[in-house]
Amino acid sequence: MAHSTTTESRHAQPEDGGGRRRSERPRRRWGRIVLLSLVVLLLAAGGTGYWVYSGLNGNITGLDLDEALGDDRPEKLPTSGQNLLVLGSDSRAGKNGELGVGNVPGARSDTALVVHIPEGRSEAVAVSIPRDTLVTRPECTKSDGSTLPAADRVMFNSVYSTAGPACVVKTVEKMSGVRMDHYMEIDFAGFKGLVDAIGGVTVTVDEPIKDESSGLDLSAGTHKLDGTQSLAFVRTRHGIGDGSDLGRIGLQQQFMLALLSEVKRQDLFGSPTKTYKIADTLTSALTTDAELASLTSLAEFARSMNGVDPSTMETIMLPVAYDKVDPNRVVAAQPQAEQLWEAVRTDSDIPDSAKKSPATGG
């Protein structure tokens with residue numbers, strides 16, 4: 001499998017064996033997974049009894065961003081569209097501790113994307129923030145009410161475990177100048193349950209992948225992965241590329257496309273039983289901002305995005321460069337990163353120069 005980055009021009013990408021350009025994969029990945037999650041919730045809520053609705057509704061955890069962050073936030077511009085921060089968290093607590101995801105204490109934000117939906121909601125873009133990016137963490141209030149002082153050169157994915165999701169939102173807002181309208185998080189156990197609920201996901205790899213850290217051991221060829229294997233697949237980094245977080249981005253893109261293809265193949269939306277099982281699994285693992293923390297609100301948000309065509313969604317990795325002090329870490333590359341965030345802030349077209357990352361991940 002070719003591990004191309006998401007930042008290359010789609011016109012420069014070669015076609016894969018099926019005649020489809022490889023850059024179409026990242027374009028579809030997060031647009032569809034976010035919309036799929038919301039559509040599943042919408043379908044589960046419609047035409048079911050109150051007890052079903054109440055049960056699914058009670059599964060969702062809400063986070064009051066306004067209370068947690070106060071007024072120290074970027075201004076919401078009148079033409080800036082909607083911005084959604086999507087996190088995949090890898091807490092080792094509870095059921096996640098049984099998934100063989102390592103011995104690191106606490107939790108990390110394993111995947112982070114800023115999904116920007118421009119005014120009019122006819123298209124969207126997702127900006128992926130590499131977890132190994134060194135950032136300046138602002139002063140934050142922890143869940144116990146204590147104050148965590150600001151700090152420079154901390155790994156982005158450590159912010160979650162150090163100060164919680166509200167501090168992740170604040171960190172993203174400070175580094176980008178973009179106000180997050182909504183927040184959505186799904187944890188590892190929920191991801192595993194989602195894959196198992198649909199009976200596994202089939203992927204094909206061109207070369208063997210063996211990563212003792214994630215536990216993934218695949219020969220070249222086609223494999224049907226269960227939930228635990230899928231987690232290892234999307235977390236693998238040492239068996240591909242240069243061993244950095246950037247190297248596994250291609251695997252994550254490939255897996256999400258395979259997951260969505262499996263959902264489509266099975267026509268899960270045509271089966272109320274399967275739809276409920278998936279919705280129950282998903283909502284149990286879902287944390288959102290307070291405004292979205294109900295099936296009704298999620299359904300309304302999904303309906304407001306009906307005009308967005310997932311096939312036109314563009315996924316861009318935050319432009320990063322290898323850190324000069326620690327080459328195992330990356331930092332936002334300038335001026336590309338600021339050009340990218342400026343375009344998101346002002347609801348403008350993202351210039352090609354802002355889509356190119358000096359660090360490629362091998």
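1. A salt bridge here is a side-chain nitrogen of Lys or Arg within 4 Å of a carboxyl oxygen of Asp or Glu. Aspartate 72 and lysine 174 fit that description, with their side chains meeting at 3.1 Å, N to O. Keep in mind as you look around that this is a predicted model.

2. What does that pair tie together? Aspartate 72 sits in the loop between α3 (65–69) and β2 (82–89), while lysine 174 belongs to helix α5 (residues 165–176), so to speak a link between distant parts of the chain, 102 residues apart. Both partners are partly exposed: aspartate 72 has 41% relative accessibility, and lysine 174 has 45%.

3. The loop between α3 and β2 has another charged partner to look at. Its lysine 76 pairs with aspartate 181, which lies in the loop between α5 and β9 (182–187), 105 residues away. The closest N and O atoms of aspartate 181 and lysine 76 are 3.0 Å apart. Is each end buried or exposed? Aspartate 181 counts as buried because its relative accessibility, 17%, falls under the 20% cut-off. Lysine 76, with a relative accessible area of 32%, is partly exposed.

4. Now try lysine 355 and aspartate 352, whose side chains form a salt bridge at 3.8 Å, N to O. The two ends sit in contrasting surroundings: lysine 355 is buried at 15% relative accessibility, whereas aspartate 352 is exposed, with a relative accessible area of 55%. Elsewhere, Asp66, Arg73 and Glu173 are joined into one network by salt bridges that share partners. If you want the full tally, a search of the whole structure turns up 11 salt bridges.

5. On to the inside. The largest nonpolar core has 40 residues, and the members touching the most others are Leu85, Val114, Val168, Val172, Tyr183 and Leu318. Which elements feed this core? At least two residues each come from α3, β2, β3 (109–117), β4 (125–128), α4 (158–163), α5, β15 (314–317) and α11 (336–345).

6. Valine 168 is a handy residue to click on. Leaving out residues up to four places away in sequence, valine 168 touches Leu85, Leu87, Phe156, Val159 and Tyr160. There is also another core, apart from the largest one, made of 22 residues; Phe188, Val203, Leu251 and Phe255 are among them.

7. Strand β4 deserves a look from both sides. Val125 and Val127 are buried on one face, and Ala126 and Ser128 are buried on the other, so to put it simply, both faces are covered. Which strand does β4 pair with? Its partner is β15; the two run parallel and are joined by 4 bridges. Within that pairing, serine 128 stands opposite methionine 317 of β15.

8. Finally, the overall picture. The protein chain contains 11 helices and 17 strands. Of its 362 residues, 54% are buried. Take the contacts between residues at least 6 apart in sequence: 68% of them join residues at least 24 apart. The accessible surface of the protein chain is about 15,600 Å², and carbon and sulfur atoms account for 48% of that.

Definitions and conventions: Residues are numbered from 1 along each chain as its sequence is written. This is a predicted model: local features need pLDDT of at least 70, side-chain atom pairs count only at pLDDT 80 or more; totals for chains, interfaces and linings use all residues. Side-chain values use heavy atoms; hydrogens and water are left out. Buried means under 20% relative accessible area, exposed over 50%, partly exposed in between (1.4 Å probe, protein chains only). A nonpolar core is a set of buried Ala, Val, Leu, Ile, Met, Phe, Trp, Tyr and Cys residues joined through side-chain atoms within 4.5 Å. Contact means heavy atoms within 4.5 Å. Two strands pair if DSSP finds at least two bridges between them. Accessible areas come from the Shrake-Rupley method with a 1.4 Å probe; for residues, only the protein chains shown count as cover.
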